[in-house]
Amino acid sequence: MQNNKKIWMVKTSKIHGTGVFATQNIAKGTRIIEYIGQKVTKKEGDKRSERRIKKYLNSKETGSVYIFELNSRYDIDGSYSYNKARFINHSCNPNCEVDIIKGKIWISSIKKIKIGEEFTYDYGYEFDKEDFTDHICECGSKKCIGYIISQDDWGKYKNWKKKIKLLEKKSI
Ligand SMILES: C[S@@+](CC[C@H](N)C(=O)[O-])C[C@H]1O[C@@H](n2cnc3c(N)ncnc32)[C@H](O)[C@@H]1O
Ligand SMILES: [Zn+2]
C-alpha cells in the first residue's frame with residue numbers, strides 16, 4: 001500500500017537532462033505518475049513533432065519532443081510544465097512500463113524500486129537501420145545496447161549487425 005505522499009520528484013539525471021526519481025521504496029505494479037497533456041489527433045501530433053524536430057535542428061537549443069502515442073487515432077502532447085512524466089528517460093533495463101488504462105497513460109513499476117532510483121521505461125522505438133544511430137542510449141545499465149531501440153526489436157538490430165560484420169569481412 002502506498003500513502004498519499006507524492007512518490008516521485010524531478011531532478012537532474014545521469015542518463016540525460018532531467019529525470020524523475022522515487023522519493024520512497026515502491027512495490028512492483030504501482031501506478032507512479034500519469035502522462036498528461038493535450039489530446040490531439042495523430043495528424044496534429046505528427047505536425048507538432050516535425051515542427052519541434054525542425055526547430056531544434058535549426059538552432060543551437062537542445063530539446064525534447066513530448067508527443068506520446070495514445071492510440072491509433074490520438075496522441076497526447078505532453079510538452080506542458082504541469083506534465084512531469086515527460087521527464088522520464090528510457091533504459092535498456094527499465095523499472096517501469098507504460099500502461100494505457102481507460103484512455104489515460106500511466107507509468108507503472110514493473111519491479112521493486114528503491115528510494116532515489118530513477119524511473120525509466122522502454123521508449124519502444126522501432127529499429128530502423130536508416131536512423132537508429134540518431135538515438136544513442138546513455139542509460140548506463142549493464143545490458144545497454146547502445147541505442148534507444150525497443151527491446152522487442154533487439155533481435156532485428158543484432159541480426160542487422162551480424163550481416164554488416166559479414167559484409168565487412170568479405171570486402172577485406
Ligand atoms: C521525453 S524526453 C525525456 C526527458 C529528458 N531527459 C529531458 O530532460 O527533457 C526524451 C529525450 O530524452 C533523451 N533521453 C531519454 N532517454 C535517454 C537515454 N537512455 N539515453 C540518452 N538520451 C535519452 C533523448 O534526447 C530523448 O529524445
Ligand atoms: Zn541503454
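Tutor: Donors are N, O and S atoms within 2.8 Å of the metal (3.2 Å for Na, K and Ca), and water is not among the atoms, so sites may look incomplete. This is a predicted model, where local features need pLDDT of at least 70, side-chain atom pairs count only at pLDDT 80 or more, and totals for chains, interfaces and linings use all residues. Residues are numbered from 1 along each chain as its sequence is written, ligands are numbered from 1 in the order in which they are written, and side-chain values use heavy atoms, without hydrogens and water.

Student: What makes C92, C137, C139 and C144 donors of the zinc ion (ligand 2)?

Tutor: Their SG atoms lie 2.3 to 2.4 Å from the zinc ion (ligand 2), and the limit for such a metal is 2.8 Å. Along the chain, these donors follow the spacing C-x44-C-x1-C-x4-C.

Student: Why is the arrangement around the zinc ion (ligand 2) called tetrahedral?

Tutor: Four donors count as tetrahedral if all angles lie between 85 and 135 degrees. The four donor atoms here subtend angles of 103 to 113 degrees, so the arrangement is tetrahedral.

Student: How do you know whether C137 is buried or exposed?

Tutor: Buried means under 20% relative accessible area, exposed over 50%, and partly exposed in between (1.4 Å probe, protein chains only). C137 has 8%, so C137 is buried.

Student: And why is C144 called partly exposed?

Tutor: C144 has a relative accessibility of 25%, which falls in the in-between range, so C144 counts as partly exposed.

Key
Four donors count as tetrahedral if all angles lie between 85 and 135 degrees; four count as square planar and six as octahedral if opposite donors are over 155 degrees apart and all others between 65 and 115; anything else is irregular.
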